[in-house]
Amino acid sequence: MRPVAQGPRTGSRPGLAYRANLMTSIASLSTATRLLASQQATRSALQAVQTPVAAPQSSMIVAPNGTQARAAALIAEAATRAALGSGASIVLQKAGGAYEVAGSKSASVGAGVTSATETVDLRAGASYTVTSSFGLSSARGNMKLEVLDSKGKVVQSVLGGVGKTSAKLTYKAAADGTYTLRLTGQAIDKTNTTAIYQGYAIGVTQAASLVPKSGDANIDALVFGGTKSWLHDAGALATLSSNIVKTGVRSLTSALTQTVKYAFATTDSLKNLTGEDARGAAVMSDVQKLAVADAFAYLSNVVNLRFEAVSDPAQADIVFGQNNQGGVSAGYANAPNQSGGHAEYLFLASDQSTNSTFTNGSYGWTTLLHEIGHTLGLKHPGNYNAGGGGAPGPFLPKATDNRRYSLMSYYGAPGMSANPQTLMSYDVLALQFLYGANTNPSDPAALAKHQTTTFTDSWSGLETLWAPTGATLDASQTTRKDIFDFREGAFSSIAQNGSVANNNVGLAWGSKITSAKGGSNADAFYTAATGDVTTDGGAGADTLYLAGKASEWSKSGDVYTRKLAGKAVAHVTARNIETIAYYDPAKAALAHV
């Protein structure tokens with residue numbers, strides 16, 4: 001199997017884009033397709049991630065001349081603010097498309113002024129770049145740039161070069177508070193003057209926060225660790241919260257308080273496109289627009305993000321359109337903060353028929369979810385790239401680098417030709433690490449539309465269930481063997497097709513199954529270590545595997561209770577179950593064979 005190659009992209013679209021490309025199986029999966037993507041190592045070069053085609057600083061200007069009285073007033077005002085801690089003279093505001101925050105202050109001064117101060121509010125743990133420019137009344141002059149904390153202690157300083165007219169330093173704030181930035185003339189010899197000539201400017205920039213390591217290898221294989229490729233408010237810090245998304249893994253502090261805004265490209269906005277973006281550029285069809293809205297309705301019930309459609313593309317974080325991709329790909333998208341001065345773009349290929357149908361499990365639906373994943377900060381979990389080169393590491397091992405675990409993978413789920421109809425387990429986990437989990441979905445119907453929970457023998461899908469409040473699986477109409485696994489991160493195999501387990505229904509971490517019904521075949525049920533569940537084997541010789549040792553369980557009627565240290569941790573109601581067995585849930589694989 002070989003991806004259709006594509007060289008590095010060129011054009012005016014700066015930054016990092018992802019394109020999905022075609023891979024077809026030469027083995028038994030004749031219709032299998034794979035999502036391809038890549039990351040460009042530098043923002044200056046352009047390279048795209050393509051979805052597989054299914055089968056076919058702020059600038060500072062010295063102010064003009066002013067009066068010494070004006071300068072003294074400005075300095076006194078700033079000093080008063082700093083002393084009272086009641087505000088800052090330099091206000092940091094969002095700058096550019098990279099979620100940086102920047103602010104600057106310029107002032108004119110009169111003759112003989114040898115120092116100036118401004119104040120700014122800084123956040124603990126954030127790194128800041130402080131820049132200053134000034135005039136000197138003598139080429140023998142010199143300036144010191146300092147940062148003082150709220151108590152007036154100098155915490156960082158730098159000397160400008162003799163005769164130079166600028167100075168720069170970096171500082172990582174030790175605490176939240178109002179800091180003072182001070183420029184002071186320095187004596188060099190008896191003949192020099194330390195006066196500021198005409199004016200000065202001081203600027204502060206806080207760069208976009210970088211994604212830290214999560215502590216989970218599967219998450220780190222899907223997010224852009226160490227980069228700013230995630231959505232967050234200007235000035236927000238990527239620190240860990242107390243919210244647990246998986247044992248040992250906490251989500252980032254809720255850094256995105258604003259709604260993620262998206263828009264559809266308009267005829268007028270398309271006129272601004274250049275390069276490959278502009279090739280056959282067109283507005284999305286009504287069917288595509290509905291699919292985008294549908295995708296965000298689903299995502300907002302899984303991830304702690306809100307999505308709002310706006311009419312003006314200039315006001316959006318993500319802009320959707322379609323263009324001609326030359327038969328190479330079915331879609332591409334920019335990662336957050338990697339699109340230069342404009343919003344993230346997501347283009348579906350107008351020359352691919354798969355982008356006209358977005359039903360559950362269709363290639364078009366998987367393509368759309370894959371590309372939206374990129375706009376939210378997911379990368380490919382393997383070192384591959386449709387446009388040449390490779391994605392940044394770390395990567396998933398070969399055994400899990402497939403779409404059973406992540407729809408961001410190039411590779412189809414082994415033994416299956418189905419496309420994912422939901423985010424898969426690693427995708428859910430990675431996005432919830434970045435933005436938090438929606439543990440109380442407000443629109444259950446949006447989830448139910450894409451998460452199948454009632455099954456027949458004709459069902460041949462591939463999904464991961466997000467069910468923080470519990471879900472019922474009903475396979476009572478199936479005649480094929482079913483395997484139900486109630487552990488977080490595990491897979492159930494419903495209506496198995498053949499002798500090998502399909503592992504076609506995943507359960508996301510933070511989710512639970514509260515009830516499951518088997519069909520007429522010999523079904524198997526694997527309980528979680530804790531929690532309450534009702535199982536009904538239906539017809540056939542069914543087996544219930546209770547988590548832990550037999551000595552930990554007791555039976556009363558049809559209810560089995562597990563106690564650890566004298567405390568009940570699980571209640572399992574067993575109906576129409578012929579065999580009871582025990583297993584170690586911590587050692588058993590999450591996928592079945």
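This report walks through the nonpolar cores, helix α5 and the surroundings of Thr464 in a predicted model.

Let's start inside. The largest nonpolar core holds 60 residues, and the members touching the most others are Phe296, Phe320, Leu368, Ile372 and Tyr435. Several helices and strands each supply at least two residues to this core, including those in the table.

| Element | Residues |
|---|---|
| α4 | 286-300 |
| α5 | 363-376 |
| α6 | 425-435 |
| β15 | 318-323 |
| β17 | 344-349 |

The largest share, eight residues, comes from α6. Another core lies apart from this one; its 27 residues include Met143, Leu183, Val204 and Leu237. As a general background, nonpolar side chains in soluble globular proteins tend to be buried together.

Leu368 deserves a closer look. Setting aside residues up to four places away in sequence, Leu368 touches Ala291, Val292, Ala295, Phe320 and Phe358.

Now to helix α5, where 14 of 14 residues are buried. At 1.5 Å a residue, the 14 residues of α5 should span 20 Å, and the end C-alpha atoms are indeed 20 Å apart, so the two values agree. After α5 comes Gly377, with a positive phi near 115°.

Finally, we visit Thr464, which sits in strand β18 (residues 463-465). Is Thr464 buried or exposed? Its relative accessible area is 0%, under the 20% cut-off, so Thr464 counts as buried. The Thr464 side chain reaches the backbone nitrogen of Ser425 at 3.1 Å. Beyond its neighbours within four places in sequence, Thr464 is in contact with Thr422, Leu423, Met424, Ser425, Gln451, Gly506, Leu507 and Ala508.

Note on methods. Residues numbered from 1 in each chain as written. Predicted model: local features only at pLDDT ≥ 70, side-chain atom pairs only at ≥ 80, totals over all residues. Heavy atoms only, no water. Core = buried A, V, L, I, M, F, W, Y, C linked by side-chain atoms within 4.5 Å. Buried < 20%, exposed > 50% of the residue type's maximum accessible area, 1.4 Å probe, protein only. Helix = DSSP H or I, 4+ residues; strand = E, 2+ residues; numbered from the N terminus. Contact = heavy atoms within 4.5 Å. Expected span 1.5 Å × (residues − 1). Polar contact = N/O pair within 3.5 Å; in protein donor to acceptor, adjacent residues only side chain to side chain.
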